[in-house]
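This briefing gathers selected local features of one protein model for a computational chemist. Please consult the sequence and the coordinates alongside the notes below.

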Amino acid sequence: MPFSMRSIVCVLGLSQAALGFQSYARGLSSIAGTPASCSNTQISCRNTTAVPGACCFNHPGGQLLLTQFWDTNPSTGPVDAWTLHGLWPDNCDGTWEQHCDISREYTGIRESIQATGEIALLSYMDQYWKDYQGDDESLWKHEWDKHGTCINTLNTKCYQGYSAREEMIDYFQVTVDLFKTLDSYKMLAAAGITPSSTKTYTSAAIQDALTATHGFPVTIGCKNGEFNEIWYHYNVKGSLQTGEFIPTSPDGTKSTCATSGVKYLPKSGAATPTTTISGSLAPTGGVFSGSGYLNVNTGGATKGCIISAGTWYTTGTCAKFTATPSSSGFTLTSSKGNCGIASGAFSCGSGVTATVFMASGGSLAVSGSTAFYANAVPTGTTQATVYTTSKATSLTIVWQAI
């Protein structure tokens, strides 16, 4: 299965196919590891001649599979979204390699992502890249160790000015970016295929619903008659990091669902937010507990949420916080560390002293007040600092348990 090298010049002139996906990972300035130019523009799994080098052409794992889960017992992720499984390189003939570089089977995955400052990436992974046993980081590590290390364009030798673990971060970022283009729940729902405890579906109907958007057949997986996995197949023009992902047919017969009688069971629990949520989903008592999101209400509407560093974001994915009872209230932590009020601002991090918060009417409260402020409502990729002292924009912070 031919695998293509990564080059900025090779990709900049490409016109993305209607169903293709152009990957730029974390931006050209931060993934300048690809050689400055690549003469090869062949598509993986389609080359008829040998392709020199190993950084501009995906080989042997030239067919990339974006894989998704539908977990119901126990359920993971939002009730109206499939979750991310991984991105796998197949050898164009149905075979694959695994655990290709033991020396790069890294530990401390979460800390590695945090160290790069990719807060939005980590927040998204916390919400959508889920492990059914509750240890998300173990799934991330498994996917990188088993599959990511076998993607040849992610070899450290392909990077100029390589930074430690840069290739692993690129793997996670590109996988997430591709996943965001594949809303399986909506594709199925558009064809009248929705989770049900009583209905069953045919494999042909499921396949038609997904093919209508993807443009090519996908692999659907079932366990005990229950529909629980989807694999989307791509060839790549260029490298994984900056190449064009081109939808294609599976490199072999892989679907495991029966012809008919396929169950698509609903998840339990409540849906989790992405960026905007209507209404207050918080408890009305004085203590928050467990895991949840901190949604921001301003001007009578919910506009975004608090992310892991404690800042307000309106266009990204909400961070998961943990509320732990403490004396007369509770403390909050995020993936960054303790959350507290420091110099009049809400922040979370390893050096932050935890504040004991309260809840009032379902909103977060400090010293009996639910009033928080920002200089302005953030837009685009801007993050706003949240203050306890008066500023131009007033807001409240509402808990949504997950």
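**Salt bridges and their surroundings**

Arg104 has a relative accessible area of 8% and is therefore buried, since the buried class lies under 20%. The model is a predicted one. The notes that follow begin with charged pairs, continue with two individual residues and a strand hairpin, and end with backbone geometry.

**Charged pairs**

- The number of salt bridges comes to seven.
- Arg104 is paired with Asp101 in a salt bridge, and their closest N and O atoms lie 2.8 Å apart.
- The partner Asp101 is partly exposed, because its relative accessibility is 23%, whereas Arg104 is buried.
- A further salt bridge links Asp136 to Lys130, with 2.7 Å between the closest N and O atoms.
- Both residues of this pair, Asp136 and Lys130, are buried.
- Lys141 and Asp145 form a salt bridge through their side chains, at 2.9 Å from N to O.
- Lys141 and Asp145 are separated by about one helical turn, because they stand four residues apart in helix α4.
- Lys141 is classed as partly exposed because its relative accessibility is 25%, while Asp145, at 5%, is classed as buried.
- Asp90, Asp251 and Lys254 are joined into one network by salt bridges that share partners.

**Asp131, between two helices**

- Asp131 is located in the loop that connects α3 (119-128) with α4 (136-146).
- The relative accessible area of Asp131 is 10%, so the residue is buried.
- The side chain of Asp131 comes to 3.0 Å from the backbone nitrogen of Asp135.
- If residues up to four places away in sequence are set aside, Asp131 touches Thr76, Asp136, Ser138 and Leu139.
- One of these contacts, Asp136, is also the salt-bridge partner of Lys130.
- Asp131 and Asp71 are separated by 60 residues in sequence, and their C-alpha atoms are 9.1 Å apart in space.

**Thr396, in strand β21**

- Thr396 belongs to strand β21, which covers residues 393-401.
- With a relative accessible area of 24%, Thr396 is partly exposed, because this class lies between the 20% and 50% limits.
- Apart from neighbours within four places in sequence, Thr396 is in contact with Asn295, Val296, Asn297, Ser363 and Thr370.
- The C-alpha atom of Thr396 is 9.6 Å from that of Leu294, although the two residues are 102 residues apart along the chain.

**The hairpin of β7 and β8**

- Strand β7, residues 219-223, is mostly covered, with four of its five residues buried.
- Strands β7 and β8 (residues 226-237) run antiparallel and are joined by five bridges.
- Lys223 faces Glu226 of β8 in this pairing.
- Two residues lie between the strands of the hairpin, and Asn224 there takes a positive phi near 55°.
- Asn224 is placed in the loop between β7 and β8.
- A relative accessible area of 69% is the reason why Asn224 is classed as exposed.

**Backbone geometry**

- Most peptide bonds are trans, and most residues other than glycine have a negative phi.
- The peptide bond that joins His59 and Pro60 is cis, with omega at about 5°.
- Pro60 is found in the loop that runs between β3 (56-57) and β4 (63-69).
- Asn73 and Pro74 are also joined by a cis peptide bond, with omega at about 0°.
- Pro74 lies in the loop between β4 and β5 (83-90).
- Cys45 is not a glycine, yet its phi is positive, at about 70°.
- The position of Cys45 is in the loop between β2 (21-22) and β3.
- Cys45 is classed as partly exposed because its relative accessibility is 25%.
- Asn224, the hairpin residue described above, is likewise not a glycine and has a positive phi of about 55°.

Notes
Residues are numbered from 1 along each chain as its sequence is written. This is a predicted model: local features need pLDDT of at least 70, side-chain atom pairs count only at pLDDT 80 or more; totals for chains, interfaces and linings use all residues. Side-chain values use heavy atoms; hydrogens and water are left out. Buried means under 20% relative accessible area, exposed over 50%, partly exposed in between (1.4 Å probe, protein chains only). Contact means heavy atoms within 4.5 Å. A polar contact is a pair of N or O atoms within 3.5 Å; within protein, one must be able to donate a hydrogen and the other to accept it, and residues adjacent in sequence count only if both atoms are side-chain atoms. A salt bridge is a side-chain nitrogen of Lys or Arg within 4 Å of a carboxyl oxygen of Asp or Glu. Two strands pair if DSSP finds at least two bridges between them.
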